[in-house]
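Below is a walk through one model, starting from a single residue and widening to the whole chain. Please keep the coordinates open while reading.

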Amino acid sequence: MSSITTIANQRQHLRINRGQLNLLLGLGILCVWLLLAILAPWAAPFDPLEHNIESRLHAPSLVHLFGTDNFGRDILSRVIWGARVDLQLSLLGVILPFLIGTSLGALSGYIGGYFDTLCMRTTDIILAFPFLVLMLAIMMLIGPGLGSFYIAIALVGWVSYARLTRSQILVLKKSDFVLAAQSLGFSHMRILFRHLLPNVLFSSIVFFMSDAVLILLNGAAVSYLGLGVQPPTAEWGTMIAEGQSFITSAWWICTFPGLAIISLAMGFSLIADGIADMLGERS
């Protein structure tokens, strides 16, 4: 029996260490990109919008570490400036779905009845369509640009948060501490927002970080398709779209923005994994 307990403790300790390592690595990657985005005017060696026909399609060198594109613009500078846009897409784009979905899910699970039925049938209808296809349809109706991207994400992305929060509220509202709060005469708003929501937000935060990866990839995808950030603004998806015609002759135009997307997505994923491991230990 003692050996089983020892093994369990060792696994528990290993999980804690792995979670802390993932969290630190993810935060490190995210902090690097945040610093580059903030310090872009000083970190970028060239103007990201400056055309130089004499330097077009130059391979990576000591002067242009990431090479130049078909307009002679420095790829490294455009990647650094693009971090500002893609971080904004991934972080701001996930806040509205998080707030809307968490609020509606909490109210739906706590109130129940017709309101719960209406919310859940709405989520079923939205989930019946592929996420990216529905988002692109909304953006085509509204028009290209960052504003339409945020609106489309808010209209489509809230459903996952609502279902996750609702399922946890349904379990917790039958707990002893909720029954005790009701017997003490606490209002429904106090029970919901001061006692129930703080106990379900941890899982939503884990999903928040994982969802940031999806928002980042979708933001790059819609920009690649011409519905997101418009040229000549430096954005990683747009840079990949501009370089696809030169993939065989100037591979660096697509490669470095793609690696930037992968690294930032990995940072968000590591943070989500680390929080999930820590959350498992907490519970």
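Start at Ser-204, a residue of helix α8. The model is a predicted one, and in it Ser-204 has a relative accessibility of 0%, so it counts as buried, the cut-off for that class being under 20%. Setting aside residues within four places in sequence, the contacts of Ser-204 are Phe-98, Thr-102, Tyr-161, Leu-164 and Thr-165.

The helix that holds Ser-204 spans residues 188–224. Just ahead of it comes a loop, between α7 (176–183) and α8, and Ser-187 is located in that loop. How accessible is Ser-187? Its relative accessibility is 41%, and it therefore counts as partly exposed, a class that lies between the 20% and 50% limits. A distance gives a sense of scale: from the C-alpha of Ser-187 to that of Thr-68 is 62 Å, for a separation of 119 residues in sequence.

Helix α8 also packs against α9, which covers residues 236–243. The two axes are 7 Å apart and form an angle of about 40°. Because an angle counts as roughly parallel under 35 degrees and as roughly perpendicular from 65 to 115, α8 and α9 are oblique to each other. The crossing of α8 past α9 is right-handed. On the α8 side the contact is made by Ala-220, Ser-223 and Tyr-224, and on the α9 side by Gly-237, Thr-238, Ile-240 and Ala-241. Sorted by class, the contact of α8 with α9 holds four nonpolar residues, three polar ones and no charged ones.

A second helix pair is α5 (residues 131–142) with α6 (residues 146–172). Here the axes are 9 Å apart and the angle is about 135°. An angle counts as roughly antiparallel over 145 degrees, and α5 and α6 are therefore oblique to each other. The crossing of α5 past α6 is right-handed. From α5 the contact takes in Phe-131, Leu-134, Met-135, Ile-138, Met-139 and Ile-142; from α6 it takes in Ser-148, Phe-149, Ile-151, Ala-152, Ile-153, Leu-155, Val-156 and Gly-157. By class, the contact of α5 with α6 has 12 nonpolar residues, two polar and no charged.

Turn next to Arg-73, which sits in the loop between α2 (40–43) and α3 (75–111). Is this arginine, Arg-73, buried or exposed? With a relative accessibility of 2%, Arg-73 counts as buried. Not counting residues up to four places away in sequence, Arg-73 touches Pro-48, Leu-49, Glu-50, His-51, Gly-67, Thr-68, Arg-78, Pro-232 and Glu-242. Among these, Thr-68 is the residue used above for the distance to Ser-187. As for His-58, 15 residues from Arg-73 along the chain, the C-alpha atoms of the two are separated by 9.6 Å.

The whole protein can now be described. It has 10 helices and zero strands, which in sequence order gives the pattern α-α-α-α-α-α-α-α-α-α. Its C-alpha atoms fill a box of roughly 80 × 55 × 30 Å along the principal axes. Of the 283 residues, 43% are buried. The protein exposes about 14600 Å², with 69% of that area supplied by carbon and sulfur atoms. Finally, among contacts between residues at least 6 apart in sequence, 73% join residues at least 24 apart.

Definitions and conventions:
Residues numbered from 1 in each chain as written. Predicted model: local features only at pLDDT ≥ 70, side-chain atom pairs only at ≥ 80, totals over all residues. Heavy atoms only, no water. Helix = DSSP H or I, 4+ residues; strand = E, 2+ residues; numbered from the N terminus. Buried < 20%, exposed > 50% of the residue type's maximum accessible area, 1.4 Å probe, protein only. Axes fitted to C-alpha atoms, helices over the stretch in contact; angles between N-to-C directions. Left-handed = near helix turned anticlockwise from the far one by under 90°. Contact = heavy atoms within 4.5 Å. Nonpolar A, V, L, I, M, F, W, Y, C, P; charged D, E, K, R; others polar. Areas by Shrake-Rupley, 256 points an atom, 1.4 Å probe, with all protein chains shown as cover.
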